[in-house]
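Colleague: Please take a close look at one part of this structure, the contact between the chains. I would like it in plain words, with the charged groups explained before anything else.

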Amino acid sequence: MRSTFLGFETARKGMAASQKGIDITGQNITNMNTSGYTRQRVDFVSVSAPTNARYRSVGTSNAGQGVNMGGVSQIRNPYLDARFRSEFADTGYHDKALSILDGIESVLNEVEGGLKPVFNDLLAALQDFSSKPDQVTNANIVLSSVKSVTQMIRSLSKQLDTLGEQYVFDLTVDVKNVNALMEKITDLNKSISESVANQTNPSDTTNINELLDQRNLLLDELGQYGNIRVIDQGDGTVSVEMNEHKIIDGTWHEQINLSVNADNTVDLHWQSSGQKVILESGTLKASYDLISNGKGELKGLPYYKEQLNIFAKSFADLMNQAFPTKDADGNSTGYKQIITGDLTIDASNITVSSEWLDDPSFILKDLDNAGSLDNTHILDLISKLEGKGNIPGFEGSFADFIDSYVTTLGQDKSYVSGRFDASYAIITDLENKRDAISAVSLDEEGANLMVFDKAYKATSRLMTTFDEALDVLINKTGLVGR
Amino acid sequence: MRVTQRSLQRNYMNGINRNLGNLSKSNDRLTTGRRFSRVSENVTDAARALRVRDKLNRNEQYIGNLDNLDVELAAQESGVMQINDILTNVKELMIKASNDTNSAEDRKIIARELENLRDGIVQIINTKSTDKYTFSGADNKKPLEIIDGKVYINGQDVDAIENPEDIQKLLGGQVFVDIGVGLEVSGGSVDRTSAAQLTTAAGSVLGYGTTEDGMPKNIISLLNNVITDLNNDDTSNMGRYGELVDDAKVDLLVQATDIGTRTKYVADTKNRMEMENISLTEQMNNLEAVDIESEIIYNKSYEMTWQISLQLGSQILPSSIFDFMR
């Protein structure tokens, strides 16, 4: 038997549902540009008549009781999230590597300026000196060009050091960020799981949708630092592994510790196990590789510093065996030290010796006799500076050596730049795919708005219909003959 | 596929960034006139450009060296030619002196003239221009000295040559200049085929040693003998001296030819390097310089694409169903 006022309840439910629909449409439209926002949808469920085998009402008396709201759900594709995060780590790696290599290349730029021009100036000065090996003027020109070479080497070495310090600082900021992200995610884990547990109406997930969005956004962000895997635990929390190492589990999170060594290289350790952080991709790996690892797939700062040191050392050794000293009888007693440094000469300390700095004619004295045109030792030096095989472990000449590390850098950067473009295209594509599912479409929301508006009006009309019907029943029924 | 405002916006921004990036890169190329300013922008061309630049740089140095060499060789050649002219005079005077119509006084006058000519030769040999003796060896000292009537070149008595070391001392060390033909130095000495010789030794210009009949080969020493004989009114050896002067002239011409060959070699090498520089400069231009015409066409098309995307943006972005709802 249908109760008299059943229809009013149906109409009320319908009106409430349409209003909620308009609310959520409004939520979607207003959050159209909120980053990380996932579009929401009211899940409507039609009310089914209670059925009971024993007291089963016969016929259709309980049917047509209207609509219920099953909840407000998010529309998201977890598979795309996982793909996005793994690709984002790759993009992060190449982005960071590109910016560091770019920094190195701006220091070691041989296309405009660099070590080559001063080195060529020195060769020119030596050539002139070889025609006039007795002239103080020419010795002085050689002195100033050697000074330029040593200054240039020192300046490049200093700039690489400064660059290293800057990237170490950037990395400390990154590590702080990662630690903060992990903490925020565990906080959200806690809030979400509590909300899930305390929900009076288990189907009403509205109040956690926004928290889920926040957590997903943070997980995306975490994904660029290293390759992560997110596992949904079913109780509202997620656990996260970074390259197979668990970094978030419920409300517990890992911490990364960064230590800076004396030579400005860095080490990353997990706080829980004390082991080294080893990653497959992500900005942390890029920073670590290029700051600390000279021999990896990409050549980093240590490699280029090493190359400069080798250059400086070989150059100094050659220059210090160029100008012989002779005793009173004209016998060779050794060579003049015209380049000095610390205990071992390297790119950071190479400098012209004070003997030569104080007296430009230092390299002229003690030769056979004053005014001599004998230039064999100068020609010897020129042939060694221009010739091959005077750098330990390297086949070519000094010019080849510079070319070699500059083109290594250029090739690495060009490769990384290509990889970055490719992975950026993939990321954009994945973002578009994700947005195709999760983002707000204004057209759709506009249509929904009209639909819910119409539905609301229609259910209002439904109520009017019942009202009019009951009006007939209550006010006009049983008035026979009145 | 469901298209959303967010992805429309993102794609639009990506596109407009790319277009503006292309335009800005093209602007850079036009303003700098270079195809790349970093090695990474074009690794292969940049690596080749660096090499070509080095080669150009070296060639400039070599051309500088060749110019120096040229000046030096010209001075040496003119010196040798002057000596040759003087010897022609000497020969004439000697024939004149041999003439029996001359009295002892006449011969003394001729001897006096010969002395002047001899001093002329000594001056030429000892010429010094800007700190360098034209005919010195490596030590750059005044090459010729006459002490007590004996002739010394680089401190070696020219008539008393006994062993190769004496010749070595007389000629003095040679100075070489790198002219880019693969300089090689080993064991403290320059491989003479790998560089150009700058010096011409006074000893080889004037000659040294003695003939089988004990006559001096050296011109100055010979002239000294002639002068002494004439002062003593002795013409018995004049015929023999005449022959020796002719021999000396032949030797001198050999020297002149040698210097001439070196001058020619220097000129040829310089010529070759200058030609090479033209082709190297062209190579460098091809590698590094922007082809202005095509770059401007690219630039214009980048600019157009950018403007179109801007226009498009003002149409695409805001429109949605809301523009049409009543």
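Modeller: A salt bridge, as counted here, is a side-chain nitrogen of Lys or Arg that lies within 4 Å of a carboxyl oxygen of Asp or Glu. Keep in mind that the model is predicted. An example from inside one chain shows the idea: Arg229(A) forms a salt bridge with Glu241(A), and their closest N and O atoms are 3.4 Å apart. This pair links distant parts of the chain, since Arg229(A) sits in strand 3 (residues 228-232) of chain A and Glu241(A) in strand 4 (residues 238-242) of chain A, twelve residues apart. Over all chains the count is 50 salt bridges.

Now to the contact itself. Between chain B and chain A there are ten salt bridges. One of them joins Glu105(A) to Arg38(B), with the closest N and O atoms 3.4 Å apart. The two chains also have 28 residue pairs in polar contact, counted where both residues have pLDDT 80 or more. On the side of chain B that touches chain A, the elements giving two or more residues are helix 1 (5-32), helix 2 (43-98) and strand 8 (189-190) of chain B. Helix 2 of chain B gives the largest share of that side, twelve residues. Sorted by class, the residues of this side of chain B are 17 nonpolar, 18 polar and 14 charged.

How much do the chains touch? In residues, 49 of chain B are in contact with 63 of chain A. The size of an interface is often given as the accessible area lost when the parts come together. By that measure, chain B and chain A bury about 4800 Å² between them, and 50% of this lies on carbon and sulfur atoms. Three arginines, Arg2(B), Arg6(B) and Arg38(B), supply 15% of the area that chain B buries against chain A, more than any other three residues. Arg38(B) is thus met again here, as the partner of Glu105(A) in a salt bridge.

Residues of both chains also border the largest pocket. This pocket holds about 1000 Å³ of space. It is lined by 29 residues, and those closest to its centre are Ser417(A), Asp421(A), Gly21(B), Asn22(B) and Lys25(B). Helix 2 (78-107) and helix 10 (398-438) of chain A, together with helix 1 of chain B, each supply at least two residues of the lining. Helix 1 of chain B gives the most, with eleven residues. That helix is also among the elements listed above for the side of chain B that touches chain A. By class, the lining of the pocket has five nonpolar, 13 polar and eleven charged residues.

Definitions and conventions
Residues numbered from 1 in each chain as written. Chains lettered and ligands numbered in written order. Predicted model: local features only at pLDDT ≥ 70, side-chain atom pairs only at ≥ 80, totals over all residues. Heavy atoms only, no water. Contact = heavy atoms within 4.5 Å. Buried area = accessible area lost by both parts, 1.4 Å probe. Polar contact = N/O pair within 3.5 Å; in protein donor to acceptor, adjacent residues only side chain to side chain. Helix = DSSP H or I, 4+ residues; strand = E, 2+ residues; numbered from the N terminus. Nonpolar A, V, L, I, M, F, W, Y, C, P; charged D, E, K, R; others polar. 1 Å grid on protein atoms, 1.4 Å probe; cavity = no way out; pocket = protein on both sides within 12 Å on 5 of 7 lines; lining within 4 Å. Points joined across faces, edges and corners; volume = space filled by probe spheres on them.
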